Amino acid sequence: ILCDRVKSFVKSPDSCKTYTRLDFYDDSIDKKLRNALHSYAKRVQKDDAVAFIDTSLFSNGKDGILFTANGISFDYAFEKVYLLYKEIDYIEQKKHDLVFHGFFSNMKDPNSLPSISDIYFKLSELKTCLDEICLHF
């Protein structure tokens, strides 16, 4: 589901790039993936990465969203977040944010409501895909 649709989550292909597991064999993209793992996806192992969206200013992979088969990782309010799909109760689309509801065991405050803003993303497409994924958990 995810690899086929990740490009549809992005508002402008010029402002951020999307990569899937098939791209990780390229050395330059592998470096971006490693940067994502060290910058904001600290709880993710390289082999678990399925796709990522690079929103960094210099296209170096240090900012964005990383997807695995079991969860989603991003930077939220100075915390490196890794939300397990099975811990997401529901996702709410507010005016400019996608808000995740649930009890998140990997967060400092498991009751907080992390969110993704719409600066780079088409939130409705992202929400629809994540809703479909969460149904399987």
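Q: Contact means heavy atoms within 4.5 Å. Which strands are included in what covers the buried residues of α2?
A: Quick heads-up: this is a predicted model, where local features need pLDDT of at least 70 and side-chain atom pairs count only at pLDDT 80 or more, while totals for chains, interfaces and linings use all residues. Residues are numbered from 1 along each chain as its sequence is written, and side-chain values use heavy atoms, without hydrogens and water. Among the buried residues (under 20% relative accessible area, 1.4 Å probe, protein chains only) of α2 are Ile29, Leu33 and Leu37. Their cover includes β1, β2, β3 and β5.

Q: How far apart are the end C-alpha atoms of α2?
A: Helices (H or I, at least four residues) and strands (E, at least two) are DSSP runs, numbered from the N terminus. α2 has 13 residues, so at 1.5 Å a residue (times one less than the residue count) it should span 18 Å. The end C-alpha atoms agree with that, being apart by 18 Å.

Q: Which strands stand at the edges of the open sheet?
A: The sheet's 5 strands run in the order β1-β2-β3-β4-β5, with antiparallel pairing (at least two DSSP bridges between two strands). Two strands have a single partner each, so one side of each lacks a neighbour in the sheet. Those are β1 and β5.

Q: Which residue stands opposite Ile53?
A: Strand β2 (residues 49–54) is joined to antiparallel β3 (residues 64–68) by 5 bridges. Opposite Ile53, in β3, stands Ile65.

Q: How many residues lie between β6 and β7?
A: These antiparallel strands share 5 bridges, and Ile88 has Gly102 of β7 as its bridge partner. β6 and β7 form a hairpin, and the residues between them number 3.

Methods:
Buried < 20%, exposed > 50% of the residue type's maximum accessible area, 1.4 Å probe, protein only.
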